[in-house]
Amino acid sequence: MSEKYDVVVIGAGPAGYVAAIRCAQLGLNVACIDEWRNPQGEFSLGGTCLNVGCIPSKALLESSHLFASAKNEFKDHGISVKSPAIDVPAMMARKDQVVKELTQGISGLFKANKVVMLNGHARLSQGKKVKVMERGGKKVIQTLEAENIIIASGSSPVQLAQAPLKEDYIVDSAGALAFDSVPKRLGVVGAGAIGLELGSVWSRLGSEVVIIEALDEFLPAADKQVSRAAARSFKKQGLDIRLSARLLSATVKNKEVQVTYEDNRGAQQVVFDKLVVAVGRKPNSDTMFTDEMELEMDERAFVHVNEYCETSVPGIYAIGDLVRGPMLAHKGSEEGIMVAERIAGQQSSVNYDLVPSVIYTHPEVAWAGKTEAACEMAGIPVNTGVFPMAASGRAKAMAATEGLVKIVAHKETDRVLGVHIFAAQASELIAQAVTAMEMQASAEDIALTMFAHPTLSESLHEAALAVHKRAIHIKN
Ligand code: FAD
Ligand code: NAI
């Protein structure tokens with residue numbers, strides 16, 4: 001006998017758990033299946049994001065930022081501390097506690113919303129049936145049937161044949177969030193979000209960090225002014241980012257990782273104590289479906305969906321990292337809400353043009369909407385306004401004068417098309433820009449808005465004024 005539900009959600013990451021809660025809020029009878037186990041072997045909700053992604057990385061970024069401040073900046077404030085030292089196990093214990101509280105929080109939210117939580121590996125078969133299997137996928141614990149199925153099985157790190165993982169030496173991002181001491185020489189393959197964030201963590205704590213990046217351009221998706229400023233700043237901080245560097249091999253010998261890569265000058269060799277492979281993630285679509293399931297996939301194994309996350313089978317939806325678009329928690333969560341509401345008969349949609357991107361370095365990189373270069377390529381005439389953080393009173397008081405805020409606005413309509421930031425707290429500043437763009441604001445609208453003084457947000461105001469060459473605190 002199979003149990004019947006209105007909706008079964010597979011995966012309790014930020015896409016799946018949010019979808020399940022929204023379904024329950026809308027009065028649907030919903031079950032959510034997840035197989036994630038923490039290092040203690042206990043089931044743990046929240047998927048990659050809460051267990052080994054967004055949250056633990058931000059906990060370590062915070063700890064390492066405080067350590068670097070104590071070491072390098074406290075003295076400027078007249079604060080003297082004895083040479084600060086880092087206790088890595090204590091820092092990790094704090095991170096683990098943050099993760100534990102948040103993952104347990106999801107269980108609490110499921111209970112409060114009456115979402116039925118099932119632990120185990122889900123396999124989807126024809127007729128909208130879902131089998132919940134024991135670990136290893138051999139024994140069926142339960143079979144469920146549902147009118148609607150939302151697949152949110154997420155993604156896993158891409159592995160490189162040239163650098164096979166080897167415990168304690170060659171690790172993925174989860175491994176780099178759990179080092180037990182500060183490696184003296186740390187190599188990172190990939191200068192993407194993970195490489196920059198985790199590279200920053202360990203560099204602030206004292207590692208010599210070399211990042212090997214295959215592309216010849218740094219942060220190609222970001223605005224050029226922003227990526228140039230970020231590259232300069234990261235170099236100054238000690239991140240040795242080597243572009244046009246193609247990894248050839250990584251092997252462990254005599255407790256060292258010996259890496260060979262090729263750049264414009266030929267083959268190069270470098271030795272590390274540890275190597276982190278952070279070259280992207282791939283969708284978890286390989287063990288989810290039984291053979292008879294006919295779900296359309298794209299060539300990179302993402303489940304194929306339309307703009308409403310409907311798959312090729314009516315009543316089956318796929319969301320989050322498993323489908324096209326940026327692999328970001330907030331994108332998956334918004335898709336989860338959209339799908340839940342559409343199942344409940346509402347006409348919800350996601351605005352894919354305004355998914356904010358943030359890299360949580362210091363300063364942070366954040367953007368939303370179109371870059372100036374993308375507008376140029378598309379033949380869209382624009383005006384831009386740039387405000388340097390060095391001219392912000394609050395940034396000066398915070399000793400956070402690196403970076404800039406840039407607004408790209410349509411030349412004729414003045415509508416804000418993109419906002420690009422490299423600044424302290426850019427992750428918070430970008431939310432104001434996204435709100436304005438969602439409301440279809442013009443640069444003039446932002447310019448006419450009153451911002452509290454002294455705040456970093458005033459830089460967004462000044463950048464909007466600069467679009468019309470009337471910024472107050474810089475020469476236009
Ligand atoms: P996931 O979070 O991967 O969750 C999928 C869940 O499904 C997992 O719990 C998995 O166990 C479960 N599952 C899979 N298959 C099955 C099955 N067959 N049966 C049962 N359960 C199954 N994004 C941001 O937006 N901001 C950040 O700051 C950020 N930082 C990151 C830092 C790191 C180090 C990493 C690795 C990622 C980071 N991300 C960040 C990306 C973010 O974690 C993902 O985009 C997000 O977790 C995707 O959510 P999801 O729900 O689609 O999948
Ligand atoms: P990524 O796609 O952001 O970056 C991977 C980088 O590795 C790219 O620059 C790529 O050119 C490079 N690369 C690929 N193969 C290579 C090779 N063989 N040699 C050298 N370089 C190579 O992927 P990343 O950093 O692994 O992150 C995975 C996902 O997690 C991303 O989609 C990201 O959105 C998400 N994430 C988001 C964060 C955030 O929002 N702050 C933080 C961390 C991860």
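**View 1. A backbone atom of Glu 35 meets ligand 1.** In this predicted model, a backbone N or O atom of Glu 35 sits 3.3 Å from a nitrogen atom of ligand 1. Two more backbone contacts involve oxygen atoms of the ligand: a polar backbone atom of Leu 328 is 3.3 Å from an oxygen atom of ligand 1, and a polar backbone atom of Ala 329 is 2.9 Å from an oxygen atom of ligand 1. On its own, ligand 1 would expose 1,000 Å², and the protein buries 94% of that.

**View 2. Who stands around ligand 1?** There are 36 residues around ligand 1, and the ones that come nearest are Asp 34, Thr 48, Lys 58, Ala 122 and Ala 329. If you trace the shell back to its helices and strands, you'll find at least two residues each from strand S2 (30-34), helix H2 (47-52), helix H3 (54-72), strand S4 (121-125) and helix H8. Which element gives the largest share of the shell around ligand 1? That's H2, with 4 residues. Sort the shell by chemistry and you get 17 nonpolar, 14 polar and 5 charged residues.

**View 3. Helix H8, from end to end.** Let's check the length of this helix, which covers residues 329-343. It has 15 residues, and at 1.5 Å a residue these should span 21 Å; the end C-alpha atoms are 21 Å apart, so the model agrees with the expectation. Plenty of H8 is tucked away: Lys 331, Gly 332, Ser 333, Glu 335, Gly 336, Met 338, Val 339, Ala 340, Glu 341 and Ile 343 are buried. What do these buried residues pack against? Look for strand S1 (3-10), helix H1 (16-25), strand S6 (140-151) and strand S17 (316-318). After H8 comes Gly 345, with a positive phi near 95°.

**View 4. Ligand 2 and the backbone atoms that reach it.** Now we move to the other ligand. A nitrogen atom of ligand 2 is 2.7 Å from a backbone N or O atom of Val 358. Oxygen atoms of the ligand have partners too: a polar backbone atom of Met 327 is 3.2 Å from an oxygen atom of ligand 2, and a backbone N or O atom of Ala 278 is 3.4 Å from an oxygen atom of ligand 2. Ligand 2 has 840 Å² of accessible area on its own, and the protein covers 75% of it.

**View 5. The shell around ligand 2.** How many residues surround ligand 2? Count 20, with Ile 194, Glu 197, Glu 213, Gly 280 and Val 358 being the closest. Helix H6 (residues 193-204) gives the most to this shell, with 3 residues. By chemistry, the shell around ligand 2 splits into 14 nonpolar, 3 polar and 3 charged residues.

**View 6. Gln 268 and its neighbours.** Zoom in on strand S14 (residues 266-272), where you'll find Gln 268. Is Gln 268 buried or exposed? Its relative accessible area is 17%, under the 20% cut-off, so Gln 268 counts as buried. The side chain of Gln 268 makes a polar contact with the side chain of Asp 263 at 3.1 Å, and the side chain of Gln 268 also reaches the backbone oxygen of Gly 266 at 3.4 Å. Set aside the neighbours within four places in sequence, and Gln 268 is in contact with Val 259, Thr 260, Tyr 261 and Asp 263.

**View 7. Two cis peptide bonds.** Here are two spots where the backbone does something worth a look. His 362 and Pro 363 are joined by a cis peptide bond, with omega about -10°. You'll find Pro 363 in the loop between strand S18 (357-359) and strand S19 (364-369). The bond from His 453 to Pro 454 is cis as well, with omega near -5°. Pro 454 belongs to the loop between helix H12 (443-447) and helix H13 (458-467).

**View 8. Positive phi at Gln 425 and Lys 469.** Gln 425 isn't a glycine, yet its phi is positive, near 60°. Gln 425 sits in the loop between strand S22 (416-423) and helix H11 (426-438), and with 43% relative accessibility Gln 425 counts as partly exposed. Lys 469, another residue other than glycine, has a positive phi near 55°. Lys 469 is in the segment after H13, and at 62% relative accessibility Lys 469 counts as exposed.

Note on methods: Residues numbered from 1 in each chain as written. Chains lettered and ligands numbered in written order. Predicted model: local features only at pLDDT ≥ 70, side-chain atom pairs only at ≥ 80, totals over all residues. Heavy atoms only, no water. Near = heavy atom within 4 Å. Polar contact = N/O pair within 3.5 Å; in protein donor to acceptor, adjacent residues only side chain to side chain. Areas by Shrake-Rupley, 256 points an atom, 1.4 Å probe, with all protein chains shown as cover. Nonpolar A, V, L, I, M, F, W, Y, C, P; charged D, E, K, R; others polar. Expected span 1.5 Å × (residues − 1). Buried < 20%, exposed > 50% of the residue type's maximum accessible area, 1.4 Å probe, protein only. Contact = heavy atoms within 4.5 Å.
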